[in-house]
Amino acid sequence: MGKKVQDLKPDTVLKNYWSNNEQFADLFNAVLFSGRQVIRPEELEDVDTEESVVMEHREYAKSVSSVRDVIKIRKISTEFGAEFVMIGMENQEHIHYAMPMRIMGYDYSAYKKQYDIIAGKHRRGKGLSEDEFLSGMKRTDRLVPVITMVIYYGEKPWDGATTLHGMLDIPEEIAAFVNDYKMLLLEARNADLQFHNVNNRDFFHLLGILRDKSGTLHEMKQKAIQYARENEVDRNVVMTVAGATNCRINYDEFGRKGDADMWTIFEETREEGREEGRAEGIIETGYELGLSEEDILKRLRNKLQISEETAKEYLERFGGQLV
């Protein structure tokens, strides 16, 4: 029987990881409150991630549906009743150049859903003033605030807009009159946050190691293995980092090895495999053209934008098979 290898879908494993209240609360405390324990896991409840809203126009009505990655509601009991905040999360593997507008749409949908519920309760209009009846809500009615954070797991620095203004071509003289919308962005590869949850600490630390391209691929993997062994990284964290970085896991080995050795079972990231494939093609073409090893190394460095050491690793690995 061949090796059982499975590609972990980033969206799926990340949603599963952040559905955990302890990890979810710890992340938002780290980002919003510098690690202070303001949001507590026991205060969080899951909310339906589907956001459906009807966009109305004089001549037509159109339903728009979208699904958030994770959204929870924070309920705090007070002497006056309860206070609520909706907290949502979007996981991004790639840069999305329309993300501020997308987040604005998610948040609007969450507010619109709340408004529709309130308006539905007041549909008969009993006890409403004329203005309240037209509004569909009382002057004293309030919506639950919504906070949405985008977590970007990509290798490249985020170079897209983080505000609606950043997406617009606005003449300077009217910029102050055009409403803006700011999104909350966390770049996971270089997050410097104060975590209390050990899984979050390990997750972001390992992700940083795998996204660091300052050394060779071998050095990167050795750092990850060493960290995992020394810190006895949890199995679920390994699975999540594997998904977030597009790694493939050999499940035959995964079932036999202990947590401390899990990083030894990673086969390759998608980017690494793609780069290796290109490197092998460049080396094969170089030999076919009768180029010297020095010229082949130069072509590898220029075409793949890699270091001299990495180019030599590729030549040593693939060159012997082709000579």
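Helix α11, which covers residues 308-322, is where E313 is placed, and this residue is a convenient starting point for a briefing on the predicted model shown above. The protein as a whole contains 11 helices and 10 strands, and buried residues account for 39% of its 323 residues. The points below move from E313 to the whole protein, then to its nonpolar cores, to helix α7 and its partner α5, and lastly to some individual residues in loops and strands.

**E313 in helix α11**

- E313 counts as partly exposed because its relative accessibility is 23%, and a residue is called buried when that value is under 20%.
- Once the neighbours within four places in sequence are set aside, E313 is in contact with T216 and H218.
- T216 and E313 are 97 residues apart along the sequence, yet their C-alpha atoms lie 8.8 Å apart in space.

**The protein as a whole**

- Among the contacts with a sequence separation of 6 or more, 63% join residues that are 24 or more positions apart.
- The accessible surface comes to about 18,800 Å², and carbon and sulfur atoms contribute 47% of that area.

**The nonpolar cores**

- In soluble globular proteins, nonpolar side chains tend to be buried together.
- The largest nonpolar core here has 36 residues, and the members that touch the most other members are W18, L27, M89, I151, Y153, F203 and F204.
- Several helices and strands each supply at least two residues of this core, namely the helices α1 (10-18), α2 (21-33), α5 (198-210), α6 (217-231) and α7 (235-244), together with the strands β6 (81-92) and β7 (146-152).
- Helix α5 gives the most to this core, with 6 residues.
- F204, when residues up to four places away in sequence are not counted, touches W18, L27, L186, A188, A191 and F195.
- A second core, separate from the largest one, is made of 12 residues, including A279, L300, L304 and Y314.

**Helix α7 and its packing against α5**

- Helix α7 is mostly covered, since 8 of its 10 residues are buried, and these are V237, V238, M239, T240, V241, A242, G243 and A244.
- The N-terminal end of α7 is capped by D234, which places a side-chain oxygen 2.8 Å from the backbone nitrogen of N236.
- After α7 comes N246, a residue with a positive phi near 60°.
- Two packed helices are described by the angle between their axes and the distance between the axes.
- For α5 and α7, the angle is about 35° and the axes are 10 Å apart, and the crossing of these two helices is right-handed.
- On the α5 side, the contact is made by N199, D202, F203, L206, L207 and L210, while α7 contributes V237, T240, V241 and A244.
- An α-helix has 3.6 residues a turn, so residues three or four places apart point the same way.

**Two loop residues with positive phi**

- S34, in the loop between α2 and β2 (44-46), has a positive phi of about 55° although it is not a glycine.
- S34 is classed as exposed because its relative accessible area is 63%, and the class begins over 50%.
- E232, found in the loop between α6 and α7, is likewise not a glycine and has a positive phi of about 50°.
- E232 also counts as exposed, because its relative accessibility is 63%.

**Two partly exposed residues, L143 and E83**

- L143 is located in the loop between α4 (130-135) and β7, and with a relative accessible area of 35% it is partly exposed.
- Leaving out residues up to four places away in sequence, L143 touches Y111, Q114, Y115 and I118.
- One of these, Y115, is 28 residues from L143 along the chain, and the C-alpha atoms of the two are separated by 7.2 Å.
- E83 belongs to strand β6 and is partly exposed, with a relative accessible area of 48%.
- The C-alpha atom of E83 is separated by 8.3 Å from that of V144, although the two residues are 61 residues apart along the chain.

Terms used:
Residues numbered from 1 in each chain as written. Predicted model: local features only at pLDDT ≥ 70, side-chain atom pairs only at ≥ 80, totals over all residues. Heavy atoms only, no water. Core = buried A, V, L, I, M, F, W, Y, C linked by side-chain atoms within 4.5 Å. Buried < 20%, exposed > 50% of the residue type's maximum accessible area, 1.4 Å probe, protein only. Helix = DSSP H or I, 4+ residues; strand = E, 2+ residues; numbered from the N terminus. Contact = heavy atoms within 4.5 Å. Polar contact = N/O pair within 3.5 Å; in protein donor to acceptor, adjacent residues only side chain to side chain. Areas by Shrake-Rupley, 256 points an atom, 1.4 Å probe, with all protein chains shown as cover. Axes fitted to C-alpha atoms, helices over the stretch in contact; angles between N-to-C directions. Left-handed = near helix turned anticlockwise from the far one by under 90°.
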